[in-house]
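Colleague: Could you take me through one part of this model in detail? I would like to hear about one helix and what packs against it.

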There are 2 protein chains.
Amino acid sequence: MATSTVENYLKHMLLLSEGGEELVSMGALAEALAVVPGTVTTMVKALADSGHVEHRPRQGVRLTAEGRRVALNVLRKHRLVECFLVNVLKMDWAAVDTEAEQLEHAISDEVLDRLDALLGHPETDPHGDPIPSRQGKLDSQVYATLATCVVEKPLRIVRITDQSAEFLQFVEHNGLLPGESVRVTERNLASGLVTAKKTAGRPLVLSLAAAGKILVQPTR
Amino acid sequence: MATSTVENYLKHMLLLSEGGEELVSMGALAEALAVVPGTVTTMVKALADSGHVEHRPRQGVRLTAEGRRVALNVLRKHRLVECFLVNVLKMDWAAVDTEAEQLEHAISDEVLDRLDALLGHPETDPHGDPIPSRQGKLDSQVYATLATCVVEKPLRIVRITDQSAEFLQFVEHNGLLPGESVRVTERNLASGLVTAKKTAGRPLVLSLAAAGKILVQPTR
DNA sequence: TTAGTTATTTTGATTAGTCAAAATAAACGT
DNA sequence: ACGTTTATTTTGACTAATCAAAATAACTAA
Ligand SMILES: [Mn+2]
Ligand SMILES: [Mn+2]
Ligand SMILES: [Mn+2]
Ligand SMILES: [Mn+2]
């Protein structure tokens, strides 16, 4: 069995490679895992020995098919657990990522299946993050963000790509939850500011950095 | 934070001391934790340094107030998780102990409280094991067993004190679940056999060893 | 092309948890 | 009371995961 450390390494590689093709740098992985780069190099070599990754020295690392399989299973657990915590236990959506970070390593595949059924086989977690299917299929659709979308077009918020409690609280406080309707009324590259408007409510000003973390879809 | 290894050591000390007063031997602890005795000695000395236990060299070990507090919290998590797995996820009661062994270290106190509320503040787990209260109170009532009870008296089964899947499956298959009514019709010390009868159904023969794991209460 | 900057790897050390096997202490039986 | 059995402790070694700091390779800008 993979230790929870190994599971975290593999999961973060998956998240950093946007689907699994590109090489992930040691630095990026060290940053994501909050360890020093030397630790990552050592661990990656061990993961290469166990067949979970392919290591290109001084270039980066990528998951093998087996490594990807393990990573997808952990990610599925993480996101289904978040659904459970929010939908069943009614926990704050800003707090569940931290909880799921532990639980993803503690629940069995049997519990995973039953949670999935209990929740009605959800396709996304409370933040709009897609849940890998039991067969290992992960939706990789590319969305526009409030920083890149067309101005004045009616949009639906589909996903928030920042799990930090502060950002999620900000998003919730301003009613920008996944599913909500919104449109961008103004975007100024010079000042780096974006103005968004919900159907009802006063206009909201965001930095481009913040706007880029809110994924949207044209309302069909 | 206590590691899951430390939590397991403390929890098993609590279980082996029947409430917390008696000294627990290194050997018993090693057996329960499936490690060699030398490992326990080393670990117990570390736990003494951290103030979780009091170590009497060559005699045994006992929990301090702080160690007991931690142990009760872990035990509460274990048993509430078992309730959740059986009552909500409808898992097999013979399988949940293994699951809970991992989950007891992964859920936060926040999740614990919400699970407790969701389940309606149960007092016992699916095996009849008492759940420590939030305040750390653990029911220590002493019950008779099918090996010690009065013959022919109507009884109610209250608890099964063996978490092994094989024994639990046997118990379930023979309808000896907690809450069921039963009486002992015969007990023969020489042969070591006990005959039990449910209100409806054919008589069931058990060894004294097996009968001793089924706790009962006179039907009031 | 050469010096400087940055990322990665290597080396040596540390901590938690474990085992095997030897040493020691206590208990037991005659 | 003395040798034997049993439980416990000690010692030395190992694995997984980590960091600090030095070494190295690769890129970058003049
Ligand atoms: Mn994790
Ligand atoms: Mn999420
Ligand atoms: Mn456990
Ligand atoms: Mn139980």
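Modeller: The cover over the buried residues of α6(A) includes α4 (65-88) of chain A, joined by α4 (65-88) and α5 (96-103) of chain B; contact here means heavy atoms within 4.5 Å. This is a predicted model, in which local features need pLDDT of at least 70, side-chain atom pairs count only at pLDDT 80 or more, and totals for chains, interfaces and linings use all residues. Residues are numbered from 1 along each chain as its sequence is written, chains are lettered from A and ligands numbered from 1 in the order in which they are written, and side-chain values use heavy atoms, with hydrogens and water left out.

The helices are DSSP runs (H or I, at least four residues), numbered from the N terminus. Helix α6 of chain A spans residues 109-118, and its buried residues are A:V111, A:L112, A:L115 and A:D116. Buried stands for under 20% relative accessible area, exposed for over 50%, and partly exposed for what lies in between (1.4 Å probe, protein chains only). These four residues sit on the same side of α6(A), because they cover an arc of only 140 degrees around the axis; the arc is that of the directions from the helix axis to the C-beta atoms. As a general point, an α-helix has 3.6 residues a turn, so residues three or four places apart point the same way. After α6(A) comes A:G120, with a positive phi near 80 degrees.

Over in chain B, B:E104 is buried as well, its relative accessible area being 1%. B:E104 (OE) is among the protein donors of the manganese ion (ligand 3), which lie 1.9 to 2.4 Å from the ion. Donors are N, O and S atoms within 2.8 Å of the metal (3.2 Å for Na, K and Ca), and water is not among the atoms, so sites may look incomplete.

Key: Helix = DSSP H or I, 4+ residues; strand = E, 2+ residues; numbered from the N terminus.
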